[in-house]
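Here's a friendly look at a protein model for someone meeting it fresh. Have the sequence and the 3D view open as you read.

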Amino acid sequence: MALLAVSACMSAQDHRQAVSADQGGKLTIGTVQREIRTGMTSGQVVEILGSPNMVTTDEQRREVWVYDRVSTETAYSTSSGGVNALVLGGAGIGAGLLGGGVGGGFGQSAGAVSQTQRTITIIIKFDNQNRVRDFAYRSSAF
């Protein structure tokens, strides 16, 4: 009787999807484009984007909020594979039993690391009544 086993390999994409975190609650350009509008109160902005990293004032003492985030995503993928064979057998000889087994195989493994860094900067300018008068954003990935 012979038993043959072949190992399957996962791609780097499969590994990345397996370890990806939930995207809920992330600060994104899409959130700013969909949710932030001129005339909103500072409280409404905090509900949507959370607390800013930095609060300053301009020359007219109006608040300017800056959201500045940097994230690094590292994906490590490793795969190993190979073919293994195990042959088991036995034969009856006289009053006794002769048995034997032979095993053999080969294998290999490989790995890769991918790292991506992303930045997002959102600047929200408020008027004298603490309502959004203007906003801008930038995003990069490298």
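What follows covers the overall layout, the core and two backbone spots.

This is a predicted model, where local features need pLDDT of at least 70 and side-chain atom pairs count only at pLDDT 80 or more, while totals for chains, interfaces and linings use all residues. Residues are numbered from 1 along each chain as its sequence is written, and side-chain values use heavy atoms, with hydrogens and water left out.

The protein has three helices and five strands (DSSP runs: H or I of at least four residues for helices, E of at least two for strands, numbered from the N terminus). Starting at the N terminus, the order is β-α-α-α-β-β-β-β. Of its 142 residues, 20% are buried, meaning under 20% relative accessible area, with exposed over 50% and partly exposed in between (1.4 Å probe, protein chains only).

Now for the inside. The largest nonpolar core has 14 residues; such a core is a set of buried Ala, Val, Leu, Ile, Met, Phe, Trp, Tyr and Cys residues joined through side-chain atoms within 4.5 Å. Ile36, Val45, Leu49, Tyr67, Ile122 and Ile124 touch the most other members. Helix 2 (29–35), helix 3 (42–49), strand 3 (63–93) and strand 4 (96–126) each give two or more residues, and strand 4 supplies the largest share, four residues.

Two residues other than glycine have a positive phi:

| Residue | Phi | Loop between | Relative accessible area |
|---|---|---|---|
| Arg61 | near 65° | strand 2 (54–57) and strand 3 | 66%, exposed |
| Asn130 | near 60° | strand 4 and strand 5 (132–141) | 30%, partly exposed |

Most residues other than glycine have a negative phi.
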